[in-house]
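Reader: I am in my first year and would like a close look at a single part of this model. Please take one helix and what lies around it, and explain each term as you go.

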Amino acid sequence: MAHRTRLVWDDGFTAYDFGPTHPMGPVRLALTTRLAEALGVLDGIEVVSPGVASDELLETVHDAGYVAAVRAASADPARADERRGLGTEDDPAFAGMHEASARIVQGTVDLCDAVWSGEIDHGVNYCGGLHHAMATHAAGFCIYNDIAVGIQRLLDNGAERVAYVDIDVHHGDGVERIFWNDPRVLTVSVHESGRALFPGTGWPADVGGPDARGTAVNVAVPPGTGDSEWLRAIEAVVPQVVAAFDPQVLVSQHGCDSHRQDPLAHLSVSIDAQRRAHECLHRLAHDHADGKWVALGGGGYELVDVVPRSWTHLAAIAAHTPVPVSTAVPQSWRDHALEVTGRDGPATMGDLDPAELPIWVQPWEMGHNPDRPLDAAILATRQAVFPLHGLDPWFD
């Protein structure tokens, strides 16, 4: 039987490399694939290697002048235009940058095409999810916005409603901005408050442009948010607005920098909670988008302990072969991780003691405490957005 889940990968994707001191080390991608292979996750997945996106495809979202600037910096990093966000501390220029970035875009677009046509049910590209790139400039480790190009491709192919859900610790600002006034695209971002974290955007009152009010949804959780609260923020907003929007396709971004070990953020989330969030989005795709799901990577800067496990769980869930958190991490993978990084890898596929599972999450219908910062954040979003979808912010 043909595989119904497809994953984008080959070793060439490690060419998206800002240098040895940059936090977004490409080893995280190679270690993820190796772990998925070691656990047999890829046995039920078709693995594909895309080409390089054309300028014409990139320019469905990006300004032609920006694409030209990336090409120039790619050919000669000394020519990087900082006015375009290139050659900065966040986005250093490197030789071959255009091709490496454009391959990520093509991978996401190919998955969108295959999901939309019904060739596959689910597509996974954990090399992608570059949600900060803007139409005219690079930002936040992101050169081209593969997510936005993929969503635009779905719209160009006839999709009338695409839901995008972003659970990265950073606000999904690039995707939101590009589709700010497009009523065909719902963007939902659950992120650490911009008061504490880059990019400093994503407030509950940001609900979309004049022609698309209610199609931007932002839940800004406080620093220090842990498992049960983070999952409560997701489960008290995301399923409700996605169901009301009734998408034909779900595109999701699974940045795993919400983890308690991530060096660039301030949440306290476990692998076990991230796995539950992946499952939640998978279920939403089946319940509200006829199973059409494109799942992407994103941030994640704990390169050994966190990224490989979180995204292996994502791939396994997409393949309908979920890996229990109690599963031992294969010794062969741990030996390899030690060899290439000098670090011992984690022992199991979860963080929590079995006695702490399952994670209990208080349903919104059980009530809320407005004096609790997390609940205040959730309620602010529900009050700003739910009425625009015909939902009751208190009871739905």
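Author: A residue is called buried when its relative accessible area is under 20%, exposed when it is over 50%, and partly exposed in between, using a 1.4 Å probe and protein chains only. Helices (H or I, at least four residues) and strands (E, at least two) are DSSP runs, numbered from the N terminus. The model is a predicted one, in which local features need pLDDT of at least 70 and side-chain atom pairs count only at pLDDT 80 or more, while totals for chains, interfaces and linings use all residues. Residues are numbered from 1 along each chain as its sequence is written, and side-chain values use heavy atoms, with hydrogens and water left out.

The part chosen is helix α11, which covers residues 331-341. Its buried residues are W333, H336 and A337. Viewed down the axis of α11, these buried residues fall within an arc of 100 degrees, so they line one face of the helix (the arc is that of the directions from the helix axis to the C-beta atoms). As background, an α-helix has 3.6 residues a turn, so residues three or four places apart point the same way. The buried residues of α11 pack against α1 and against α10 (307-318), where contact means heavy atoms within 4.5 Å. Just after α11 comes G342, with a positive phi of about 75 degrees.

One of the packing partners, α1, spans residues 27-38 and contains R28. R28 touches G298, G299, G300, L303, V307, P308 and W311, leaving aside residues up to four places away in sequence. R28 is buried but has no salt bridge, which would be a side-chain nitrogen of Lys or Arg within 4 Å of a carboxyl oxygen of Asp or Glu. Its nearest side chain of opposite charge is that of D257, 7.2 Å away; for this purpose Lys and Arg count as positive and Asp and Glu as negative, with His and the chain ends not counted. The side chain of R28 does reach the backbone oxygen of G298, at 3.0 Å.

The other partner, α10 (307-318), leads to one more residue. Among the residues that H122 touches are A318, H282, H286 and W293. H122 is in strand β3, residues 122-125, and counts as buried because its relative accessibility is 1%. A polar atom of the H122 side chain lies 3.0 Å from the backbone oxygen of G291.

Methods:
Polar contact = N/O pair within 3.5 Å; in protein donor to acceptor, adjacent residues only side chain to side chain.
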